[in-house]
Amino acid sequence: MKKTLLYIVVVGMISMTSCNKFLNVVPEDFVSPENYFETEDEANFALSGIYSTMTQNATYASYMLGRMGLEGDESWNHYTGDRFTVADNNYGPNESRILANWREWYAGINRANIFLENIDRVAMDEDRKRSMIGQALFLRAYFYLMLVNRFGAVPLILESIKTSDVESLQIPQTPAKQIYDKIIADMEEAAEMVDDITTIGYGGRVSKSAIWGVLARTCLYVAGNPINDVSRYEEARDWAKKVMDTGVHRLNTSFPQVFINHVRDIYDIEESIWEVEFWGNGTGVYANLGGYVGRNNGIGNTQDPNVGYAVGATRIARPLYFKFKSDDLRRDWAIAPFRYVGNPADTVYWESGQLYQRYCGKWRRTYELILPRSTTRTATNFPLLRYSDVLLMFAEAENEVNGSPTEEAYEAINQVKRRAYGYDQFTPNTDIDEDDLSYQEFLEYIQDERSRELAFEGLRKSDLVRWGIYVRNMQYIAQDVAPLSGDFYDFPRRTFGSVTERHTLWPIPTYEMGLNPHLVQNPGW
Amino acid sequence: MQRYKLRTNSHFLIQIKKGLGLFYLTTVLGTCVNIGSVCGQPLSLAVSKSKATKDIAALKKSAFKSNQQVKTLKGKVSDERGRPLAGVTVRVASTGVQAITDRSGNFSIRAAESDYLTFTMLGYETLIQPVGSSSEYAVKMVPISTAIEEVTVNIGYGTVDKNDLTGSVAQVNMEDLNKAPVASFDEALAGRVAGVQVSANEGQPGTEMNIVIRGGNSLTQSNDPLYVIDGFPIEDPGAAVLNPADIESIDILKDASATAIYGSRGANGVIIIETKKGQVGRPTIRYEGSVGFQQVTKKMEMMSPYEFVKYQLEMNPEVSPIVYLTRPGRELEDYRNIQGVNWQDLMFRQSPMHNHNLSVTGGTKETHYRISGSLFSRDGIVVNSGYERAQARIGLDQTIVDKLTVGLQFNYSRDKNYGSLSSAAQGVSTGYSTYMLYRIWGYRPVTGTGDFNDLVDELMDEEGLVSFSDARVNPLLSAENEVREQTRNTLIGNAYVKYKITDDLELNIRGGINSRWLKDEEFYNSRTARGYPSVNNFKGVNGEFRQVERNDWMNENTLTYKKRTANKRHSFNAVLGMTMQGRQQSQYGYEAYELLNENLGLSGMDNGVPGPLDALKTGHTLVSFLARGNYNYRSKYLLTGTFRADGSSKFAPQNRWAYFPSVGLAWRISREKFMQALPMVSDAKFRFSYGETGNNRIGDFVRFSSLSTDYPRYYPFNNTPTPSVNTNRFGNENLKWETTKQTDIGLDLELFKKRLNLTIDVYRKNTHDLLLNANVPYSSGYSTIYKNIGLVRNEGLEISVSTTNLKRRNFAWTTDFNISFNRNKVLGLTDDEEQILSDVSWTSTYNSQPLYMAKLGGSAAAFIGYVWDGVYQYADFNKLPNGTYVLKNGVPTNGLDREAIQPGDMKYVDINDDGILNEQDIVEIGRGIPIHIGGFNNNFSYKGFNLNIFFQWSYGNDIFNTNRIMFEGNSEGRGHLNQYASYVDRWSPDNQDSRNYRAGGQGPRGVYSSKYIEDGSYLRLKTVALSYTLPQSMARKMKMNNLELYASAQNLYTWTNYSGMDPEVSVRHSTLTPGFDYSAYPMAKTLVFGIKAGF
């Protein structure tokens, strides 16, 4: 009996010591950040993960294509499922799409933070590593730009969480200006590190040109409403100028061709400096690599696979149409003058009075090369920075810095205009070239020209906000649509009529506030 | 000292002890008698409580000597009716020599005249007979009359007499359970045991029941109990791998005193299953078989062709008249004479069910064996669906020497369920219109052409499809063509070695494996909802294959020590043990799209576009030390202390070990002297227990951060998809066990000579450090992180009553009744979080709308939504001169624009009175958890007949009947979509009293409201079984030992106010999201006829 007990004790003690070994079960199924980041390939894949933030539904694949009100006074979103959402400016702080967008950018920021914290461990060529760090640094800054521009003050998180303690998770907001400063600083640092666009050779990867252009954009945001740090105009001009001075960039001779190239996955680094890349038509292994460019914001509304299905959610606001002169070649490309009816599809032209009905025509599915034209996704890339934008930013900043337009500023806007009317961009053309404008006239010209050139590219609301005319312009459209009778106009009426001062910023999502008591809601929400 | 245990299931444990040449008969009560006094007298001792007491008293104080000559004697054993009894063990008391009777009941053995012979046979009273001078014996054995009235209960690592229990342990009456015609025991468990909530999500063949014991502790993790099958603890055994006919007993451990022996896995309760083992005797062959059929418990009443067309004309006055009137040249009235297609009749069928069990059992004293096999098949009540199982089991116990016994059991089962998943989206897209029952109910009964064969034969109703995003595919063709099956091969093996180190100390070493190979196969050809050629279908004809291999193993080593003091007042037993357990699991799968040759089926998957791949490997280990002591003073004061230490690989080394203590006390007040004043009380016991148990149901590796490279996140640099790393989980090194502290107070009462048994338990469980997949701010880059946070309380009351209402010579009536109340309260959540809102995924418009709330101070699941307020009436509007109606100022909107709202539109209550309907008007609209559940069981027996009637209920829970969103008003405004007959009554200028909105008046989409909340209470006539056992004489004539014929019915009738097909429904079941009904597979009612025969 005693022997037995002794035996048990001994066995027990032996097992105790071997227990911990027995209990060390190491996962074989996945990798952890601690045992990743060893090879160059791994670093590349991690970088690619940061980029993929932009190809998700909550960002450029779907929501930001006309479904989050980013087009401001250019268009409205006609999608029954989008009633009473951010798409028609009729929403509250628990709007699910805003939350999803918030979540996606922060997920991307986290991936960038983890990348930046671990990249040092990778043994690889230092130059290539430097370029990768630059891309990650820039992308994180860009994601913050997306956040701060739409939400104002947000938590500025520059390190991945190390514990799940409350202190690590509940981070208070940083004032918008400080975030902008950090964005600009990071982008400047990143610009030194990444490759030239010619070295890269395509627009899907961050290049010096892309960073400089986005820096110009960021500086304009800071210089305008609500930060109003006007000293940034000069920087904006200089960054835009740097892009122009590369000698690489010029406008494509044909405005439609720019977008046909997007549709066909053809790179044009001269004009289309930075793009979100989508791929495939939603079939096979990489079914989710396609986006909804041309499908959500395309020409409705047929099921004919030869034409390609489009929801046709992006419909224009009438005043946009009248911003174009009739010989502006951009008008009938950006705003499709026709629609499709039936299957097989007939092309039916709109009546002259049917303007709120018209669809965005920039990315036309009939040009797609991947057949069949799937109803679900398209390979069409979405532009994040085009050279015409750079030219217009340069001109605007130049006007601001000097208090009146300069020769260089006129040349910049006229290059854009000449191309728009079918002329050579570099040959002065007295018939159409702008000149003799006051500071204010020049600014207003640019305000309209940006719509004509960049409509439906997701920039308009931010522009209107920085110019301080967002609510005014939206109410202007609301008055335009108010007298029109018919249920059809309820949607645009609500979209534009609902906008008040508080809509300049999105609300901080209720969900996030519920989990982070430090967050302060934006005014009016 | 040598002991002969004669019968242990009696209150009196009778033992013969040989010591110093004397034999003693002892009882566990401490009475010790010398049976030597019977020397020379014929002795027949039937060991029943009353008789034994008497006999033992008579046996006191006599001498007995054993010095006589050994002789060979012969004898014959017969049963009470004089028929020869084979397989009886005859044993010489002093020498242990034994013999077994042959087929004619004869035996021959050598024994001294002064010795005793014992005759033992399972099911018969043990007989002790002095040898005497005679050489021919005729022995008659009597069957155990009172069918096991004193019961032992399996409490894990041992058994105790039910009277000596300190914890709350319930036993399932297997005899009654097995009357239900079901594939696996869990299907018949609902309502049988107080405190055990068993519910089906839907009727899909092959899906398991949800079993929740004493309310859900965990909010985001599993609340399934731990199963212990033949000593092998496993969380998810798959109930259907066991044949219910092989189950000997099911014991359910509920309170912490009972479950703490399973430590980290005990918090959700423990279900201990023991399978049938071999028995001594000549081989007994048993066959049980049944054949029957099933049909749906209810079909929904749909609109008739006339009503359907009338509705179409109202809803779409522009197109419908052309489709239904002008083109076919008909009047609306003509549709009264048209039969139309009844899709439910085409889809729901009366389907057969077969069950066959065969077993052989037998053995000698040293060797016991049992071999059994079964075949079960049940076609589903929806076309092309069903479940089938083939299973075999073998059990062998061998005594090698007296002290050493070994044994093993193997169970192999292969089961398969097949058919479309009714409550899962069936299309390439995941919209509401792809669900099977949407298509069954919604497919229109008539066309404008009048040729309904087209409707039935064509895959799509071209004319009826107004929007191509409506994936309404012919449900019949699709279901007939779909291949979806899941095949499981499960092998369970257990082996043990028992060694008696001393009389008091036993070593038990067990080892076991549980291996499962699971195979999922899916194939969708061009005539299915998932494979038809369409611009929408990017997968084309497609197939999917997945294989999962799971291996669990365990080793348990326990020492059991039993001791009683010399004065027999104190008795003590203890278990000490060390166990190890582990699991490895791997999963591999692939998909292929656009298969070129659909006639090849799955084997043509290599001729297509490869789809996503799936590969997964995981595993865990667990080491435990356990101890339990029972102390018992005269069976009056009882004390149990339990302790277990668990180390799990799921947690980081610093949090790896956890300790789970518990204590249970019981006072059998009926054994106090003063209770003799209350003679009606046969037995009364108070119980108290407190203890801590754990839950470790998290993924094997959630403490590790993980990166993944998923296809959807590849980034196509330069038009080349590049792998891309996603940070999909933040590992939490600080994770530890979830701990449940439970207090239980119980009373067991037996009254009126045990005619009435009553058990009452009240309990409170506080679950701390919840293993919560906690919501974290998205700014962290993560959505959820596993944390130990939160506090949930469950408290409840359980009452079980069983009564013997009538007991006459030929007639008996017994009743069992149980009711349980459980209240569930969330007392803490993630840092500063006040509520968890949960949504259910079924269609995009609604997916992000929360339908459930778990709020601090509230229950884990309450429905939330708008409060429905009927419809807008004319009085709510101003009539303009042009005849249009405009909502009066002050009348709140329903979420649409004021100008869009018309009389007859859906109306909601504007809770905060701000004139508009928005998220601030969302309130609690229903409860997800029942107030009480229970069962009511009756057995009537008259001669050979037995009638069992079993009711089961659930009261107080609500169901969200999502089907009505689509079929009582057509909220998505789909054309040509048939509706429930309940929508014939809808608001119209001629029918202003109706609360159903007008055709097209559904208001805003994507909102949940109290309109669709329904009372989910029900009372179900769950099982009715009538059996007739033939008199043995008749059975003998047919060369059988016994023969029973029976008819048994399941789910015969349900009383409920629920308007859907069945109130036992929860198609998106979780603790946070119960009671959601959308396109649930219908429930079946079953009727079978069967026989049970023994040879």
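**Figure 1. Contacts across the sequence in chain A.** Among contacts in chain A that join residues at least 6 apart in sequence, 72% link residues at least 24 apart. Please keep in mind as you look around that this is a predicted model. The secondary structure behind this view comes to 20 helices and eight strands in chain A.

**Figure 2. The overall dimensions of chain A.** Along its principal axes, the C-alpha trace of chain A spans about 110 × 50 × 45 Å. For 525 residues, a compact globule would have a radius of gyration near 24 Å, and the 26 Å of chain A agrees with that.

**Figure 3. The surface and charges of chain A.** About 18700 Å² of chain A is exposed, and carbon and sulfur atoms supply 51% of this area. Turning to the charges, chain A carries 53 positive and 72 negative side chains. The centres of these two sets lie 6 Å apart.

**Figure 4. The largest nonpolar core.** Here we step inside, starting from the fact that buried residues make up 65% of the 525 residues in chain A. The largest nonpolar core holds 141 residues, and M54(A), Y60(A), Y142(A) and W274(A) touch the most other members. Helix α5 of chain A, residues 126-151, gives this core its largest share, with 15 residues.

**Figure 5. Another core, apart from the largest one.** This last close-up takes us to a core of 76 residues that lies apart from the largest nonpolar core. Its members include I338(B), F348(B), Y435(B) and A479(B).

Notes. Residues are numbered from 1 along each chain as its sequence is written. Chains are lettered from A and ligands numbered from 1 in the order in which they are written. This is a predicted model: local features need pLDDT of at least 70, side-chain atom pairs count only at pLDDT 80 or more; totals for chains, interfaces and linings use all residues. Side-chain values use heavy atoms; hydrogens and water are left out. Helices (H or I, at least four residues) and strands (E, at least two) are DSSP runs, numbered from the N terminus. The radius of gyration is taken over C-alpha atoms; the globule rule is 2.2 Å times the number of residues to the power 0.38. Buried means under 20% relative accessible area, exposed over 50%, partly exposed in between (1.4 Å probe, protein chains only). Contact means heavy atoms within 4.5 Å. Accessible areas come from the Shrake-Rupley method with a 1.4 Å probe; for residues, only the protein chains shown count as cover. Lys and Arg count as positive and Asp and Glu as negative; His and the chain ends are not counted. The place of a charge is taken as NZ of Lys, CZ of Arg, CG of Asp or CD of Glu. A nonpolar core is a set of buried Ala, Val, Leu, Ile, Met, Phe, Trp, Tyr and Cys residues joined through side-chain atoms within 4.5 Å.
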